[in-house]
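Subject: Structure handover

Hello,

Here is the structure to look through. Please keep it open while reading the notes below.

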Amino acid sequence: MLKRRDIVAIVLIVLPWMLLISVWHQSNITSVLTAQKADTIGGRSDSRALKESSSLQSRDIVHVVRTEYIYSRPPPWSQSLPTLHIITPTYSRPVQKAELTRLANTLLHVSNLHWIVVEDSQRRTTLVSHFLQEKGLNYTHLNILTPLTYKSRGDGRNPRVPRGTLQRNLALRWLRETFPLNYTQPGVVYFADDDNTYSLQLFEEMRSTKKVSVWPVAFVGGLRYESPKINALGKVYGWKTVFDPHRPFAIDMAGFAVNLGLILSKPQAYFKLRGVKGGYQESSLLKELVTLSELEPKASNCTEVLVWHTRTEKPVLVNEGKKGFTDSKVEI
Amino acid sequence: MAARMKLKLKTVFVLYFMVSLMGLIYALMQLGQHCDCAEHDLPKDRAISRLQEELYRLQGQIRQLEKAKQPEKKQPPKSSLSTIFVITPTYARLVQKAELTRLSQTFLHVPQLHWILVEDSPRKTPLVSNFLMKSGLTYTHLNVPTAKERKLQEGDPSWLKPRGVEQRNEGLRWLREDRKTEPGDDGQQGVVYFADDDNTYSLQLFEEMRSTQRVSVWPVGLVGGMKFESPVVEGGKVVRFHTGWRPSRPFPMDMAGFAVSLRLVLANLDACFDGEAPMGFLESSLLKGLVTVDELEPKADNCTKVLVWHTRTEKPKMKREEALQVQGLGSDPAVEV
């Protein structure tokens with residue numbers, strides 16, 4: 001015969017435990033989902049390429065099982081090399097996984113690399129989350145949705161926001177929120193789109209960036225390559241481009257890298273969202289950070305091409321038809 | 001006695017409740033804070049991180065040793081892994097160096113890989129020669145020009161004539177010649193894969209194909225006008241092919257969707273690609289001389305995973321370059337792109 005007192009006692013015991021368990025459970029989930037735009041998971045550059053202890057355990061098991069992939073792990077973290085923070089905006093389309101795969105295969109060769117992948121989406125997709133977990137790179141996975149009003153709407157009324165702007169700005173914000181102003185560890189920030197091609201030498205060239213370093217980029221501006229003009233003193237004095245060479249910084253997103261300290265010290269510097277003419281996006285950020293004379297030319301005084309602005313063709317999917325011919329559960 | 005026991009039980013309950021409440025408050029406080037991983041560095045984690053560092057260091061050492069051995073073109077297979085011979089036809093165009101660069105970056109991750117790069121050119125070009133020397137891969141550099149009538153002209157759609165036929169056949173010919181000098185069972189171990197220079201390959205694909213006994217197959221993404229083409233596997237055997245285009249072909253799959261064991265290539269010295277075959281029948285022209293559909297080995301989890309994508313790279317727009325060149329102000333041709 002249960003008295004009221006006993007029932008109260010039992011409730012008082014069970015309730016706090018249930019609350020505790022649900023709170024604990026939720027704290028694990030919020031560290032995976034996005035509560036706010038700035039929520040993240042993933043490694044920090046000062047933690048020797050390791051993640052939080054809980055995810056570390058599961059990754060260790062993966063390591064043990066796949067010992068034959070001995071070559072496909074990133075190189076060991078070095079205490080003396082500056083960290084490269086590579087910011088890659090990405091969005092869902094059929095070639096997304098392929099693009100990320102070959103970019104990751106490239107990045108796996110680079111030491112002290114921290115990959116910041118920012119999805120143009122409402123939620124972090126499972127495709128990208130699983131992909132990043134499998135690859136073994138030191139990464140941070142963010143996401144922010146570009147509102148439809150910002151996206152391409154033809155010419156005229158609504159000048160479109162260049163693709164990837166919001167995502168790159170989010171990554172910059174994340175860096176500023178994660179690293180304190182007086183952060184002593186050297187680092188370099190580079191914006192790498194997921195369809196370009198990068199040589200391994202490029203990453204080593206950009207490591208020594210003190211403020212902003214620049215180099216030639218192939219297949220941009222309707223030319224074989226665009227490049228900064230270097231004078232006899234080894235300083236940049238102009239731009240060898242055909243398309244509007246009088247821009248403050250007539251350079252492609254893939255043609256420059258910024259020192260992390262500079263990013264942190266100028267917290268108001270972002271890519272301008274609206275009212276940016278075509279080709280002026282890079283200038284909108286760089287003019288807040290450096291002057292022309294402070295630029296550091298790399299790639300043998302800007303005479304070698306180490307990065308190619310390749311673009312992947314949109315695959316022809318005519319045979320899918322209206323209902324989709326192939327099994328939609330298979331991830332491509 | 002019952003009363004005392006009840007009393008004890010009551011105090012136990014109260015204590016229990018208080019402890020739980022404390023724990024809950026503590027957890028709630030923890031939730032509000034930024035989790036600084038360094039604080040949670042338990043001794044077990046430290047041991048794990050130390051071991052991982054050791055592992056990375058040793059891997060780095062192994063890589064150094066491998067790199068030291070690389071300068072020889074032919075590496076004696078000292079490991080137990082069978083060699084993957086990748087035959088890639090390539091031709092000079094603007095994006096060639098970029099394509100080869102990112103392809104080599106993928107191959108560098110695959111152990112025991114021998115890259116056979118065949119140029120569509122009457123002479124070996126310095127761009128490719130220098131590139132291969134610096135790549136760090138084990139390679140063989142060949143070249144054979146495509147006959148004029150077989151070559152695609154400017155403005156021809158890419159599907160008009162089969163591409164890379166002579167080059168792939170040259171790769172097979174070289175392989176057969178080369179293996180003659182290595183008699184014995186060891187020299188016959190290996191897998192042959194035809195990899196075009198603009199596709200995208202995941203690293204897992206190469207591990208899947210290593211165990212090929214005759215011909216193994218798997219799905220290919222973004223090909224045949226569909227998200228992916230794939231063999232259909234039932235009971236561990238390929239029964240038919242899931243493709244949207246001409247499924248009546250003997251082997252309706254893409255070049256990137258199969259690999260042949262070296263043994264089979266060496267046992268059938270006449271098997272090669274037929275350049276005269278109708279469009280889409282190129283793969284079948286080789287495979288029909290080697291296997292039947294029944295003998296195909298499905299990989300990639302019984303052909304349910306996509307590990308290779310038939311990506312194609314856009315031709316870069318060169319209008320301004322061309323305009324400049326007319327004026328004699330083109331970009332420095334000495335700068336290799």
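Two residues are said to be in contact, or to touch, when they have heavy atoms within 4.5 Å of each other. With that in mind, one caution before the findings: this is a predicted model.

T90(B) is a good place to begin. Leaving out residues up to four places away in sequence, T90(B) touches Q96(B), L100(B), L117(B), V118(B), E119(B), D120(B) and D197(B). T90(B) belongs to strand β1, which covers residues 84-90 of chain B. Is T90(B) buried or exposed? Its relative accessibility is 2%, so T90(B) counts as buried; the limit for that label is under 20%. One of its contacts can be described further: the side chains of T90(B) and Q96(B) are joined by a polar contact of 3.0 Å.

Y91(B) is in the loop between β1 and α3 (96-107) of chain B. Y91(B) has a relative accessible area of 36%, and therefore counts as partly exposed. Not counting residues up to four places away in sequence, Y91(B) touches Q96(B), D120(B) and R163(B).

Both T90(B) and Y91(B) appear in a UniProt annotation. The unreviewed entry lists a "binding site" in chain B, and among its residues are P89(B), T90(B), Y91(B), D120(B), R163(B) and D197(B). The list also includes H310(B), T311(B) and R312(B).

Chain A has a "binding site" annotation too, again from an unreviewed UniProt entry, with P89(A), T90(A), Y91(A), D120(A), R163(A) and R168(A) among the residues covered. In chain A, Y91(A) sits in the loop between β1 (83-90) and α3 (96-107). Y91(A) is partly exposed because its relative accessible area is 28%. Which residues does Y91(A) touch, not counting those up to four places away in sequence? They are Q96(A), D120(A) and R163(A).

R163(A) is in a loop as well, between β3 (139-143) and α5 (165-178) of chain A. With a relative accessible area of 55%, R163(A) is exposed; that label requires over 50%. Apart from neighbours within four places in sequence, R163(A) is in contact with Y91(A) and R168(A). Between R163(A) and Y91(A) there is a polar contact of 3.5 Å, from side chain to side chain.

Chain A also has an "active site" annotation: the unreviewed UniProt entry lists E282(A). Helix α8 (residues 281-286) of chain A holds E282(A). Is E282(A) buried or exposed? E282(A) has a relative accessible area of 9%, so it is buried. Setting aside neighbours within four places in sequence, E282(A) has contacts with I251(A), D252(A), M253(A), F256(A) and F271(A).

Another part of chain A to look at is a nonpolar patch on the surface. I7(A), V11(A), L15(A) and L19(A) form this patch, and together they have about 330 Å² of accessible area. L15(A) lies in helix α1 (residues 4-30) of chain A. At 46% relative accessibility, L15(A) counts as partly exposed.

Two more positions in chain B were noted. R179(B) is in helix α5 (residues 165-180) and is buried, with a relative accessible area of 10%. The side chain of R179(B) makes a polar contact of 3.3 Å with the side chain of D178(B). G289(B) is in the loop between α8 (282-287) and β11 (297-298), and at 46% relative accessibility it is partly exposed. How many ångströms separate the C-alpha atoms of G289(B) and L31(B)? The separation is 66 Å, and the two residues are 258 residues apart along the chain.

Last, some totals for chain B. The chain has 10 helices and 12 strands. Of its 337 residues, 49% are buried. Taking contacts between residues at least 6 apart in sequence, 74% join residues at least 24 apart. The accessible surface of chain B is about 17600 Å², and carbon and sulfur atoms account for 58% of that area.

Regards

How values were computed: Residues are numbered from 1 along each chain as its sequence is written. Chains are lettered from A and ligands numbered from 1 in the order in which they are written. This is a predicted model: local features need pLDDT of at least 70, side-chain atom pairs count only at pLDDT 80 or more; totals for chains, interfaces and linings use all residues. Side-chain values use heavy atoms; hydrogens and water are left out. Patches are made of residues with over 30% relative accessible area and no salt bridge: like charges are joined within 9 Å, nonpolar side chains (Val, Leu, Ile, Met, Phe, Trp, Tyr) within 5 Å. Accessible areas come from the Shrake-Rupley method with a 1.4 Å probe; for residues, only the protein chains shown count as cover. A salt bridge is a side-chain nitrogen of Lys or Arg within 4 Å of a carboxyl oxygen of Asp or Glu. Helices (H or I, at least four residues) and strands (E, at least two) are DSSP runs, numbered from the N terminus. Buried means under 20% relative accessible area, exposed over 50%, partly exposed in between (1.4 Å probe, protein chains only). UniProt positions are given in the numbering used here, feature names are shortened, and annotations may be inferred rather than shown by experiment. A polar contact is a pair of N or O atoms within 3.5 Å; within protein, one must be able to donate a hydrogen and the other to accept it, and residues adjacent in sequence count only if both atoms are side-chain atoms.
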